[in-house]
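Here is a short briefing for a reader who is new to this structure. Look over the sequence and the model, then read the points below by topic.

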Amino acid sequence: MSVHIAYETPQDVQEQVYEMVKAIGKDGRGTLKKGANEVTKAAERGTAQMVVMAEKVNPSELLAHIPMICKEKSIPFIYVEDQAYLAEAAGMPTGTRTAAIAVMEFTKDAADHFNGVKGHYETLIA
């Protein structure tokens, strides 16, 4: 397990996370920040609603600080396995990858997705 992973996210929950990211990013029902630097800034400012990080990143230390910031700012954070699939779900061009995204805001249409994933997060950290 990489240094930035605080807990393991089951595969079925990861699928729900991808669906949430797709609803907010690709389908345009909200705003996302993409990439480790942008996510770090959003988390430090406390403006992120949730952070999604890829498990397989190189170097693994790239995201090591983000869970600590999220805990400090009470921002839910969750993991998915694949950078490329996360980027695709976020609406980024084919062939790109992203280590992390931050959910900044979302419409009422995407609220069910968001709340479902947040509920899983609360269960996983308990």
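Two residues are in contact when heavy atoms of theirs lie within 4.5 Å. With that in mind, start at Val 52. Leaving aside neighbours within four places in sequence, Val 52 is in contact with Val 17, Met 20, Val 21, Ile 78, Val 80, Leu 86, Ala 99, Ala 100 and Ile 101. Keep in mind that this is a predicted model.

**The nonpolar core**

- The largest nonpolar core has 43 residues.
- Val 52 is among the residues with the most contacts inside this core, along with Met 20, Val 21, Val 51 and Ile 78.
- Many elements take part: H1, H2, E2, H3, E3, H4, E4 and H5 each supply at least two residues.
- Which element gives the most to this core? Helix H1 does, with seven residues.

**Helix H1**

- Helix H1 covers residues 11-26.
- Its 16 residues should span 22 Å at 1.5 Å a residue. The end C-alpha atoms of H1 are 21 Å apart, which agrees.
- The buried residues of H1 are Val 13, Gln 14, Val 17, Tyr 18, Met 20, Val 21, Ala 23 and Ile 24.
- What covers the buried residues of H1? The cover includes strand E1 (30-34), E2, E3, H4, strand E4 (100-106) and helix H5 (108-125).
- Gly 28 follows H1 and has a positive phi, near 70 degrees.

**Aromatic pairs**

- The structure holds seven aromatic pairs.
- One of them joins Tyr 18 and Tyr 85, whose ring centres are 4.3 Å apart. Their planes stand at 65 degrees, and over 60 counts as edge-to-face, so this pair is edge-to-face.
- Tyr 18 sits in helix H1 and Tyr 85 in helix H4 (residues 83-89). The two are 67 residues apart, so the pair links distant parts of the chain.
- Is Tyr 18 buried or exposed? Tyr 18 is buried, with a relative accessible area of 5%. Tyr 85 is partly exposed, at 35% relative accessibility.
- Phe 106 and Phe 114 form another pair, with ring centres 4.4 Å apart. Their planes are at 25 degrees, and under 30 counts as stacked, so this pair is stacked.
- Phe 114 is buried at 4% relative accessibility. Phe 106 is partly exposed at 27%.
- Tyr 7, Phe 77, Tyr 79 and Tyr 121 are linked into a cluster by ring pairs.

**Salt bridges**

- Side chains of opposite charge can pair when their charged atoms come close.
- How many salt bridges does the structure hold? It holds three.
- Arg 29 pairs with Asp 27, and their closest N and O atoms are 3.8 Å apart. Arg 29 is partly exposed, with a relative accessible area of 26%. Asp 27 is also partly exposed, at 40%.
- Lys 41 pairs with Glu 38, the closest N and O atoms being 3.3 Å apart. These two residues lie three residues apart in helix H2 (residues 36-45), so about one helical turn separates them.
- Lys 41 is partly exposed at 34%, and Glu 38 is partly exposed at 30%.
- Lys 56 and Glu 81 meet through their side chains in a salt bridge of 3.3 Å, N to O. Lys 56 lies in the loop between strand E2 (50-54) and helix H3 (66-73). Glu 81 lies in the loop between strand E3 (77-80) and H4. The pair therefore ties together parts that are 25 residues apart in sequence.
- Lys 56 is exposed, with a relative accessible area of 55%. Glu 81 is partly exposed, at 31%.

**Gln 83**

- Gln 83 lies in helix H4.
- Gln 83 has a relative accessible area of 11%; buried means under 20%, so Gln 83 counts as buried.
- Which backbone oxygen does the side chain of Gln 83 reach? The side chain reaches the backbone oxygen of Lys 56, at 2.7 Å.
- Lys 56 is also one of the contacts of Gln 83 once neighbours within four places in sequence are left aside. The others are Ala 54, Val 57, Asn 58, Arg 97, Thr 98 and Ala 99.

Note on methods. Residues are numbered from 1 along each chain as its sequence is written. This is a predicted model: local features need pLDDT of at least 70, side-chain atom pairs count only at pLDDT 80 or more; totals for chains, interfaces and linings use all residues. Side-chain values use heavy atoms; hydrogens and water are left out. Rings of Phe, Tyr and Trp (its six-membered ring) pair if their centres lie within 6.5 Å; planes under 30 degrees apart count as stacked, over 60 as edge-to-face and the rest as tilted. Helices (H or I, at least four residues) and strands (E, at least two) are DSSP runs, numbered from the N terminus. Buried means under 20% relative accessible area, exposed over 50%, partly exposed in between (1.4 Å probe, protein chains only). A polar contact is a pair of N or O atoms within 3.5 Å; within protein, one must be able to donate a hydrogen and the other to accept it, and residues adjacent in sequence count only if both atoms are side-chain atoms. A salt bridge is a side-chain nitrogen of Lys or Arg within 4 Å of a carboxyl oxygen of Asp or Glu. The expected span of a helix is 1.5 Å times one less than its number of residues. A nonpolar core is a set of buried Ala, Val, Leu, Ile, Met, Phe, Trp, Tyr and Cys residues joined through side-chain atoms within 4.5 Å.
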